[in-house]
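Please look through the sequence and the structure shown below before reading on. The report that follows takes up the strands, the core and the charged pairs in turn.

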Amino acid sequence: MKKLLILVFLGIVACSTPKEKTQIVEASCGQCKFGLDSQHGCDLAVKVDGQAYFIDGAHIDDYGDAHDKNIGFCNVVRKAEVTGKIEGGKFKASSFKIVEE
């Protein structure tokens, strides 16, 4: 009986832990393009299922000048393939790759 309870508990814990998944999302500056205001300055964010989240695991300047008028995240919304999960109100990315259109 004890083993059964332990297995049930582990199953519940495993199912309640958010799983990482890979998806195509919109990526841009959270402040300039997505209207987020919980951080100061320009920070990379993604939109997942219509909701914007700041991202941990990628930095806005890792993909060129954030203020470039053609590709800068403060001026355009770009597509990205991301792997990660939403945790603590942020998107925790284990991978982030720009998808060229």
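What follows is a short report on a predicted model, arranged by topic.

## The barrel of strands

Five strands close into a barrel, in which the order is β1-β2-β3-β5-β4 and the pairing is mixed. Within this sheet, neighbouring strands are turned against each other by 55° on average, when direction is ignored.

The individual pairings show what "mixed" refers to in this barrel. Strands β1 and β4 run antiparallel and are joined by seven bridges; one residue to look for here is Ile24, whose bridge partner in β4 is Glu81. Strands β4 and β5 also run antiparallel, with eight bridges joining them, and Glu87 has Lys90 as its bridge partner in β5. By contrast, β3 and β5 run parallel, and two bridges join them.

Following the chain from β4 to β5, one meets a hairpin with two residues between the strands, and Gly88 in its turn has a positive phi of about 65°.

## The nonpolar cores

In soluble globular proteins, nonpolar side chains tend to be buried together. In this model, the largest nonpolar core has 19 residues, and those with the most contacts inside it are Val46, Ile55, Phe91 and Phe96. At least two residues of this core are supplied by each of the strands β1 (21–29), β2 (44–48), β3 (51–56), β4 (78–87) and β5 (90–98), while the largest share, four residues, comes from β5.

Val46 gives a view of these surroundings from a single residue. When its neighbours within four places in sequence are left aside, Val46 is in contact with a list of residues that includes Val25, Ala27, Tyr53, Val82 and also Ile55, Phe91 and Phe96. Glu26 and Gln51 are in contact with Val46 as well. Apart from the largest core lies another one, of five residues, and among them are Phe34, Leu36, Ala52 and Phe54.

## A buried serine

Is Ser28, a residue found in strand β1, buried or exposed? Ser28 counts as buried, because its relative accessibility is 0%, and a residue is called buried when that value is under 20%.

What lies 2.6 Å from a polar atom of the side chain of Ser28? The answer is the backbone oxygen of Phe73. Phe73 also appears among the residues in contact with Ser28 once neighbours within four places in sequence are left aside, and the others include Lys33, Phe34, Asp43, Leu44, Val76 and Val77.

## Charged pairs

Side chains of opposite charge can pair when their charged atoms come close. How many salt bridges does the structure hold? The structure holds three salt bridges, and Asp56, Lys90 and Lys92 are linked in a network of them.

In one of these pairs, Asp56 forms a salt bridge with Lys90, and the closest N and O atoms are 3.5 Å apart. Because Asp56 lies in strand β3 and Lys90 in strand β5, this pair ties together parts that are 34 residues apart in sequence. The side chains of Lys92 and Asp56 also meet in a salt bridge, with 2.8 Å from N to O, and this pair links distant parts of the chain as well, with Lys92 in strand β5 and Asp56 in strand β3, 36 residues apart. Lys92 is, in addition, the bridge partner of Asp56 in β5. The three residues of the network are each partly exposed, with relative accessible areas of 27% for Asp56, 24% for Lys90 and 30% for Lys92.

A further salt bridge is formed by Glu87 and Lys85, whose closest N and O atoms are 3.6 Å apart. Glu87 is partly exposed too, with a relative accessible area of 37%.

## A loop residue

Lys19 has its place in the loop between α1 (2–16) and β1. Lys19 is exposed, because its relative accessible area is 58%, and a residue is called exposed when that value is over 50%. Although Lys19 and Thr83 are 64 residues apart along the chain, their C-alpha atoms are separated by 10.0 Å.

Key:
Residues are numbered from 1 along each chain as its sequence is written. This is a predicted model: local features need pLDDT of at least 70, side-chain atom pairs count only at pLDDT 80 or more; totals for chains, interfaces and linings use all residues. Side-chain values use heavy atoms; hydrogens and water are left out. A nonpolar core is a set of buried Ala, Val, Leu, Ile, Met, Phe, Trp, Tyr and Cys residues joined through side-chain atoms within 4.5 Å. Buried means under 20% relative accessible area, exposed over 50%, partly exposed in between (1.4 Å probe, protein chains only). Contact means heavy atoms within 4.5 Å. A polar contact is a pair of N or O atoms within 3.5 Å; within protein, one must be able to donate a hydrogen and the other to accept it, and residues adjacent in sequence count only if both atoms are side-chain atoms. Two strands pair if DSSP finds at least two bridges between them. Axes are lines fitted to C-alpha atoms, for helices over the stretch in contact, and angles run from 0 to 180 degrees between N-to-C directions. A salt bridge is a side-chain nitrogen of Lys or Arg within 4 Å of a carboxyl oxygen of Asp or Glu.
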